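Let's take a walk through this model together, with the sequence and the coordinates side by side. The tour goes through charged pairs, the contact between chains, and a few backbone details.

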Amino acid sequence: MEDILEVLENNARVSLKDLAKLTGKKEKEVEKEIKKLEKKGVIVKYKALINKNLIKDGKAVYSLIEVKVSPQKDVGFDYIAERIYRFPEVKNCYLLSGTYDLLLTVEGKDINTVAKFVAEKLAPLAEVKSTVSHFMLKKYKEDGVILKMPRENKRLSITY
Amino acid sequence: MDKFVAKHIKDLAPSGIREFFDLVLEAKDVVSLGVGEPDFVTPWSIREKALSSLEQGYTSYTSNKGMYRLRLEIAHFLKKHYSLNYDPDEEILVTAGVSQGLDLAVRAIVNSKDRVLLVYPCYVSYPAVVNLAGGKVVEYYTSEKEGFKIVPSKLKEIIKRYNPKAMILNYPSNPTGVSYTRAELEEIRRVVMKGGIIVLSDEIYDLITYGYKHTPFPGLKRTKQKTIYLGGFSKGYAMTGFRIGFACGNRQVIKEMTKINAYVMICPSITSQLAAIEALNSQKEVNAMVREYTRRRNYIVGELNSLGFKTFLPEGAFYCFSSIKHTGLSSVEFAKELLKKDRVAVVPGSAFGKRYNDFVRVSFASPFDDLKEAVRRIRNFI
């Protein structure tokens, strides 16, 4: 099972047939295990990691937003967190210890879009006490992947 | 200029397939399954250690034995992983890879015309190193029928007939991926000990094993004093370019090896020695690489067999030794044709011994996509 996950985590597009060959299992078996992992929610979704900096006109603006909120009786932070993470602009949402409560990453097509989201949707929420926005200047690494063009092979092509 | 070249060097057999290697190195758009080193780059923590050691000004010579701290860490590692006991003061020598360790061991042991037993197919440098030291090679050819494994009764016969002084053992093996269980090694040990010979055990692939734990030769009963154990960082830790390894064994032999080292090499690079200390704490990265090799092995062995190239499942290292007998081509012809027509490189079996003309070595130290493309091209070729 770990084997399947390790392969998929690096390449979600690998075919069932190849996955079976790589793990030394039958195709049917692999299919069944993947179904099980999906059903259990271990595999949440399959996505491509895209370096948007390389797409013409595809450049997006990312912002990290620190949010201080007032927790509510009985439901703590979960209620306000949900109200916030349901906005499609919010790509990630974490509850943290420390000087603020929620950390969001928000994506928009330009600074104005993000600023508008903060000013008109996020800040006006009753439980939100304050926000601090940091605009991202450059992404070096994301989800364990270094966002650089792959380097050429440095090995000699044949050795003993 | 010919007259200036020493005769014994001129007589040293050139690698018969140099010409083929040149073809591969010149060719474009080649998918190579001919590489004898990991495709992984050295784990970052190890590289970072090398960088910071330079920043801190570690640029000097070290002891001829290698840095004490590294020898101590090696001793700890061998104790922890294999229950081997080596004294870092007198029984461990740090070398520039197993290649140098082997050369030192052979030079320290072999008198002119002394016989050294080699188990074929073997890594190309073994016969050359023996010849350079003035020794004579005794050839023991394992066969495909016997899974390229040493058969103790045959080994016994050869030792009896030729009375060699030393034997070079290598497992997991380059080029076959063959290794041995403790029980199999025990049988080999009995034969070797009875024959009164010293074993130079090249175990550079010890960390790359599939589904079983490696047993070092000096971990067997009463073998420690009669074995020079050669290990290194190149393969398991993907550190080939660092050139760093170690030799452990009988203190008298290690002392003599250190003496030679002091005259010809002084010591391996201090940067590499410091990086090696860090490497010994990088088992997590090693395990991840081994899991990846395991999957590639499953894939490539299955594909080669289904394409008609009979291939054993390697027990260690990252090579398969596949039969090409049914093609009717010699191993060099096959490799040349495959390179020319479909741009896949493999190493002809004849490089590893004259009786292996029906085999090619296929390395799976390449990313899965490359293996897949190579399989596609080989399918096209046949």
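## A long-range charged pair

Glu19(B) and Lys336(B) form a salt bridge, with 3.6 Å between the closest N and O atoms. This pair ties together distant parts of the chain: Glu19(B) belongs to helix α2 of chain B and Lys336(B) to helix α12 (residues 331-342), 317 residues apart. The two partners also fall into separate accessibility classes: Glu19(B) is exposed at 51% relative accessibility, while Lys336(B) is partly exposed at 28%. Please keep in mind throughout that this is a predicted model.

## Salt bridges along helices

Over all chains, a search of the whole structure finds 37 salt bridges. Side chains of opposite charge can pair when their charged atoms come close. One of the pairs sits in helix α2 of chain B, where Arg18(B) bridges to Asp22(B) with the closest N and O atoms 4.0 Å apart. About one helical turn separates Arg18(B) from Asp22(B), because they are four residues apart in helix α2 (residues 18-26) of chain B. Arg18(B) is partly exposed at 40% relative accessibility, and Asp22(B) is partly exposed too, at 35%.

A similar spacing turns up in helix α13 (residues 368-381) of chain B, where Glu373(B) and Arg377(B) are four residues apart and so are separated by about one helical turn. Their side chains meet in a salt bridge of 2.8 Å, N to O. Is each partner buried or partly exposed? Glu373(B) is partly exposed at 23% relative accessibility, whereas Arg377(B) is buried, with a relative accessible area of 7%.

## Where the chains meet

The size of an interface is often given as the accessible area lost when the parts come together. For chain A and chain B, the buried area is about 2,000 Å², and carbon and sulfur atoms give 54% of it. Which residues of chain A lose the most area to chain B? They are Arg155(A), Ile158(A) and Tyr160(A), together accounting for 45% of what the chain A side buries. The contact draws on 15 residues from chain A and 32 residues from chain B.

Polar and charged pairs also cross this interface. The rule finds five salt bridges between chain A and chain B, along with 15 residue pairs in polar contact. In chain A, α1 (2-10) and α2 (16-23) each supply at least two residues of the side that touches chain B, and α2(A) gives the most, with four residues. Lys372(B) forms a salt bridge with Asp18(A), their closest N and O atoms being 2.4 Å apart. Salt bridges with shared partners also join Asp3(A), Glu6(A), Asp39(B), Arg291(B), Glu292(B), Arg295(B) and Arg296(B) into one network.

## A surface patch and a helix residue

Val5(B), Ile9(B) and Leu132(B) make a nonpolar surface patch of about 220 Å². Val5(B) is found in the segment before α1 (7-10) of chain B. With a relative accessible area of 39%, Val5(B) is partly exposed.

Glu184(B) is another residue to look up, in helix α8 (residues 182-194) of chain B. Glu184(B) is partly exposed at 26% relative accessibility. Leaving aside residues up to four places away in sequence, Glu184(B) touches Lys149(B) and Ser179(B). From Glu184(B) to Val151(B) the C-alpha to C-alpha separation is 9.2 Å, with their positions 33 residues apart in sequence.

## Backbone details

Which residues does a cis peptide bond join in chain B? One such bond joins Tyr120(B) and Pro121(B), with omega about -5 degrees; Pro121(B) lies in the loop between β3 (115-120) and α6 (125-132). Another joins Asn174(B) and Pro175(B), with omega about 20 degrees; Pro175(B) lies in the loop between β5 (166-170) and α8.

Positive phi values in residues other than glycine are worth a look too. Asp29(B) has phi near 55 degrees and sits in the loop between α2 and β1 (31-32) of chain B. Lys113(B) has phi near 75 degrees, and its place is in the loop between α5 (97-109) and β3. Asp29(B) is exposed at 51% relative accessibility, and Lys113(B) is exposed at 59%.

Key:
Residues are numbered from 1 along each chain as its sequence is written. Chains are lettered from A and ligands numbered from 1 in the order in which they are written. This is a predicted model: local features need pLDDT of at least 70, side-chain atom pairs count only at pLDDT 80 or more; totals for chains, interfaces and linings use all residues. Side-chain values use heavy atoms; hydrogens and water are left out. Patches are made of residues with over 30% relative accessible area and no salt bridge: like charges are joined within 9 Å, nonpolar side chains (Val, Leu, Ile, Met, Phe, Trp, Tyr) within 5 Å. Accessible areas come from the Shrake-Rupley method with a 1.4 Å probe; for residues, only the protein chains shown count as cover. Buried means under 20% relative accessible area, exposed over 50%, partly exposed in between (1.4 Å probe, protein chains only). Contact means heavy atoms within 4.5 Å. Buried area is the accessible area (1.4 Å probe) that two parts lose on being put together, summed over both. A polar contact is a pair of N or O atoms within 3.5 Å; within protein, one must be able to donate a hydrogen and the other to accept it, and residues adjacent in sequence count only if both atoms are side-chain atoms.
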